[in-house]
Amino acid sequence: MDPKGTYEVRTYGCQMNVHDSERLSGLLEDAGYVRAPEGCDGDADVVVFNTCAVRENADNKLYGNLGRLAPMKTKRPGMQIAVGGCLAQKDRDTITKRAPWVDVVFGTHNIGKLPVLLERARVQEEAQVEIAESLEAFPSTLPTRRESAYAAWVSISVGCNNTCTFCIVPALRGKEEDRRPGDILAEVEALVAEGVSEITLLGQNVNAYGSDLGDREAFSKLLRACGQIEGLERVRFTSPHPRDFTDDVIAAMAETPNVMPQLHMPMQSGSDPILKAMRRSYRQERFLGIIEKVRAAIPHAAISTDIIVGFPGETEEDFQQTMHAVREARFANAFTFQYSKRPGTPAADMEGQVPKEVVQDRYMRLVALQEEISWEENKKQVGRTLEVMVAEGEGRKDGATARLSGRAPDNRLVHFTKPEQDVRPGDVVTVEITYAAPHHLLAEGPTREVRRTRAGDAWEKRNAAPAQPAGVMLGIPTLGVPAPLPVATSGCAID
């Protein structure tokens with residue numbers, strides 16, 4: 001097939017969007033497009049924006065980026081621009097009005113239509129806007145261009161049945177639809193056969209899996225089934241909701257060796273009145289009780305969370321309850337966000353909007369507390385011997401420090417001294433932790449063992465393939481929980 005031209009995909013938002021972008025890339029390559037070189041900055045025949053609607057000022061950022069492409073499109077005959085994702089689902093009727101040079105608008109339920117819509121727009125010479133109201137095909141049935149040779153997302157459900165007042169995702173991605181267990185496990189087995197050794201099970205509310213199938217223990221059964229797949233070394237999942245976090249899931253985590261000792265569970269607030277206003281169906285005692293059970297079953301588990309500061313109506317007393325919960329939970333890290341209005345959510349119209357300066361002050365105090373706890377918890381890792389899966393692109397200073405980087409089983413980031421042996425992303429090294437910082441660990445001594453893996457072979461094979469235009473990173477380059485405590489003032493709503 002002769003190439004139709006080059007493409008670039010720009011991704012914003014959550015892990016679900018990153019995974020969707022892998023599908024979009026796969027669809028375009030299946031249709032005959034070739035990925036544009038890294039750093040092309042819009043200099044491609046097709047540019048796709050996979051948007052997020054929960055980020056603050058998401059629409060302004062989109063239209064700003066679209067505006068920068070308008071003159072480029074004028075100079076490049078045949079160039080096409082497509083906008084998809086949550087913001088497209090939400091603002092379907094306004095995108096082509098505000099940016100008439102956009103060729104295609106598609107939503108969260110019909111990403112498989114992108115190549116057809118691009119061709120239709122080309123033939124008819126007018127914009128194509130097609131937004132489906134319900135899922136047309138489960139995303140995992142579509143072609144995929146995965147970002148990693150050794151680690152992969154596997155979607156187990158789409159949509160969400162919760163009604164959190166700060167979140168617009170259920171309105172944009174619909175009610176939860178579960179994928180059949182056999183289809184999920186078949187995809188995992190196929191990935192392992194290709195060399196993947198780590199998977200992350202993905203869903204808007206991942207541990208509610210089974211509600212659409214009529215089996216309340218379906219998620220724990222799925223974890224245990226993953227434990228039976230030979231060659232699958234690490235299993236993670238994101239993100240669970242405390243309401244659905246049951247004892248059978250804790251038991252499956254503890255008893256399945258390849259399910260990693262890591263849990264990311266959004267708390268959002270430690271105040272019972274605020275949790276009620278958020279329509280979060282648990283309270284502080286329930287949340288801390290889950291953490292206590294997890295630690296009893298998995299003593300070395302690293303637990304992380306999401307917290308929103310300054311939700312409408314939050315008083316200083318409410319905020320102190322959040323601080324108390326953080327002290328009790330002792331999270332390995334936390335993604336802490338300042339509340340900002342999301343148009344279309346009930347919280348945006350609530351009384352008691354907290355002044356910006358008050359929110360900022362609380363945010364800084366919470367960040368300082370969590371930073372202290374993260375450092376103390378990391379110091380407990382000093383002296384431990386850990387197996388670290390070597391990662392690609394995780395250590396920004398590795399070139400200058402003669403180190404490599406990777407993830408421990410509990411997903412902590414580890415920088416280690418580069419061994420004499422050849423080590424590839426996907427391989428596993430055994431190191432002793434010698435130093436701890438709040439957001440990473442160091443292993444400064446010699447590497448105790450290097451284990452070459454099929455995952456490393458897969459990475460080597462991919463990178464030894466005939467030269468192809470280099471890819472453009474899709475927003476979140478790593479699996480698991482990203483670096484803690486971002487400065488961002490808004491969060492994404494996978495929880």
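In the predicted model, Gln 268 is buried, its relative accessible area being 3%. This residue belongs to the loop that connects β12 to α10 (272-277). Its phi is near 70 degrees, a positive value in a residue other than glycine. Most residues other than glycine have a negative phi, and most peptide bonds are trans. A positive phi also occurs at Ala 402, where the angle is about 55 degrees although the residue is not a glycine. Ala 402 is located in the loop between α14 (398-401) and β16; with a relative accessibility of 47%, Ala 402 counts as partly exposed, because the buried class ends at 20% and the exposed class begins over 50%. A further backbone feature is the cis peptide bond from Thr 238 to Ser 239, for which omega is near -10 degrees. Ser 239 is part of the loop between β11 and α9.

The helix that follows this loop, α9 (residues 247-255), packs against helix α8 (residues 218-226): the two axes approach within 8 Å and cross at roughly 5 degrees. The crossing angle falls under 35 degrees, and α8 is therefore roughly parallel to α9. On the α8 side, the contact is made by Phe 219, Ser 220, Leu 223 and Arg 224. The α9 side contributes Asp 248, Val 249, Ala 251, Ala 252, Met 253 and Glu 255. An α-helix has 3.6 residues a turn, so residues three or four places apart point the same way. The buried residues of α9 are Asp 248, Val 249, Ile 250, Ala 252 and Met 253. Besides α8, these buried residues pack against β11 (234-238), β12 (262-264) and α11 (284-297).

The domain assignment of the chain gives domain 1 (5-130) and domain 2 (384-464). The centres of domain 1 and domain 2, taken over C-alpha atoms, are separated by 36 Å. Strands of a sheet pair through backbone hydrogen bonds, either parallel or antiparallel.

One open sheet consists of 6 strands with parallel pairing, arranged in the order β2-β1-β3-β4-β5-β6. Its edges are occupied by β2 (33-35) and β6 (128-130); each has a single partner strand, so that one side of each is left without a neighbour in the sheet. On average, and with direction ignored, neighbouring strands of this sheet are turned by 20 degrees against each other. Within the sheet, strand β1 (residues 5-11) runs parallel to strand β3 (residues 46-51), the two being joined by 5 bridges. In this pairing, Val 9 stands opposite Val 48 of β3. Helix α1 (residues 15-30) lies across β1, β2, β3 and β5 (104-106), and its direction makes an angle of about 170 degrees with β1.

The UniProt record, an unreviewed entry, places the feature "binding site" at Cys 14, Cys 52 and Cys 86. These positions are spread over 73 residues of sequence, yet they cluster in space, with a largest C-alpha distance of 10.5 Å. Cys 14 is situated in the loop between β1 and α1, and its relative accessibility of 11% places Cys 14 among buried residues. Cys 52 occupies the loop between β3 and α2 (58-75); Cys 52 is likewise buried, with a relative accessible area of 7%.

Another open sheet contains 7 strands in the order β19-β20-β17-β16-β15-β18-β21, and its pairing is mixed. The edge strands β19 (435-436) and β21 (449-451) each pair on one side only. Strand β15 (residues 385-390) pairs with strand β18 (residues 428-432) in the antiparallel sense over 5 bridges, and Met 389 stands opposite Val 428 in β18. The pairing of β15 with strand β16 (residues 403-407) is also antiparallel and comprises 2 bridges; here Val 390 has Gly 406 of β16 as its bridge partner. Parallel pairing is found between strand β17 (residues 413-417) and strand β20 (residues 441-443), over 3 bridges. His 415 is matched in β20 by its bridge partner Leu 442.

Helix α13 (residues 356-379) includes Gln 360, which counts as partly exposed at 32% relative accessibility. Between Gln 360 and Glu 119, the separation is 241 residues in sequence and 48 Å in space, C-alpha to C-alpha.

Methods: Residues numbered from 1 in each chain as written. Predicted model: local features only at pLDDT ≥ 70, side-chain atom pairs only at ≥ 80, totals over all residues. Heavy atoms only, no water. Domains from an automatic or database assignment. Pairing = 2+ DSSP bridges. Helix = DSSP H or I, 4+ residues; strand = E, 2+ residues; numbered from the N terminus. Axes fitted to C-alpha atoms, helices over the stretch in contact; angles between N-to-C directions. Contact = heavy atoms within 4.5 Å. UniProt positions renumbered as here; feature names shortened; annotations may be inferred. Buried < 20%, exposed > 50% of the residue type's maximum accessible area, 1.4 Å probe, protein only. Parallel < 35°, antiparallel > 145°, perpendicular 65-115°, else oblique.
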